[in-house]
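Hi,

Here is the structure I promised to pass on. Have a look at it first, and then read my notes underneath.

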Amino acid sequence: MFEPIEPYKSGHLKVSDIHSIYYEEVGNRKGQPILFVHGGPGGGISESSRQYFDPKHYRIILFDQRGCGKSIPSAEIKDNTTLDLVEDMEKLRKELKIDKWILFGGSWGSCLSLIYAINYPQSVSGMILRGIFLGRYEDDQYLYQKGASHYFPEAYEEFSNFVSEDEKHDLIKAYSKYLNSKDLKLAYKAAYHWAKWELGLITLKPLLDIETILSNDKSNLELARLENHYFINHIFLEDNYILNNIKKIKHIPTIIIHGRYDMDCRPEGAYLLHKNLENSKLYFVIAGHSSKEEEIAQALVDATEEFKILASN
């Protein structure tokens, strides 16, 4: 990864009566535009998010989606849908006077990038996608109900035991009640268990500092409440929306990177996406899901370097 770099511009863009999204720009002001689309929903950006790109070449744009990170208000689910986020990205593109940009999205960010591209294909020059999440009902069920539970039975038991026995048949619905409770202590407790379950799945080797990561109640609540909000509402779109509309973006140059042992988002999703795109490359790497795993981080940097060559041709 490239050395840490500070933004040359940052601010908030008001996108609705309620929401203002935080954004920042780093790198080359006149460089090739590339948009970092973070995961979650509710994951937010960090300083390390800037380090996948050559700052001498790229004009790097990063933003926190509604309800998380430095965007305001925090953990707000009102007026927060997939197409709201798509429109926020388009408003940001226009605000920054960008003609076309590359989309760099991971996990939920891969899903959101694909949906944005389907709606605004003329604004997308390419995509680098990691840890593919297609946003289908079956993907939600695999992660939160039955699937990943087979591989992490002890962690799943802790996750499911937070709710009562008669609620366990639908854990997404059950957690919704607690994550949106007016009792903030209860909401924080639910968020801790939700975030712990997911964080325990994302790396090939267990995170040794997981409890330190989980010590931030605000971040836990943003991640858990927003993920739950999106998944209980089936991302606010028809099921299998991406593959049903894939023809609209089949010619966009795309590099797909997926961990062979990704327990958060199944490798099958990456393969299905690749099979349905006519101008894509798929790289399976020996890793899990997290973009911070060395093998995935290296593959992402290699992909941004490859797009530099494509731009010069």
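A quick definition before the notes: a pocket here is an open set of grid points with protein on both sides within 12 Å along at least five of seven lines, and its volume is the space filled by probe spheres set on those points. Also keep in mind that this is a predicted model.

Let's start with the smaller of the two pockets I want to show you. The second largest pocket has a volume of about 290 Å³. It is lined by 16 residues, and F152, A155, K196, G200 and I210 are the closest to its centre. Two elements, α4 (153-160) and α6, each give two or more residues to that lining. Sorted by class, the lining has nine nonpolar, three polar and four charged residues.

Now for the largest pocket, with a volume of about 1200 Å³. Its lining counts 41 residues, and G43, G44, S46, L199 and K292 lie nearest the centre. Which element gives the most to this lining? That is α8, with six residues. At least two residues each come from β3 (32-37), β5 (101-106), α6 (184-199) and α8 (217-232). By class, this lining splits into 13 nonpolar, 20 polar and eight charged residues.

Helix α6 has a partner to look at too. The axes of α5 (residues 171-179) and α6 come within 8 Å and cross at roughly 140°. On the α5 side you'll find I172, Y175, Y178 and L179, which meet L186, A187, A190, A191, H193 and W194 in α6. That contact has nine nonpolar residues, one polar and no charged ones.

Cheers

Key: Residues are numbered from 1 along each chain as its sequence is written. This is a predicted model: local features need pLDDT of at least 70, side-chain atom pairs count only at pLDDT 80 or more; totals for chains, interfaces and linings use all residues. Side-chain values use heavy atoms; hydrogens and water are left out. On a 1 Å grid over the protein atoms alone, a cavity is a set of points where a 1.4 Å probe fits but cannot get out, and a pocket is an open set with protein on both sides within 12 Å along at least five of seven lines; lining residues have an atom within 4 Å of a point. Helices (H or I, at least four residues) and strands (E, at least two) are DSSP runs, numbered from the N terminus. Ala, Val, Leu, Ile, Met, Phe, Trp, Tyr, Cys and Pro count as nonpolar, Asp, Glu, Lys and Arg as charged, and the others, Gly among them, as polar. Axes are lines fitted to C-alpha atoms, for helices over the stretch in contact, and angles run from 0 to 180 degrees between N-to-C directions. Contact means heavy atoms within 4.5 Å.
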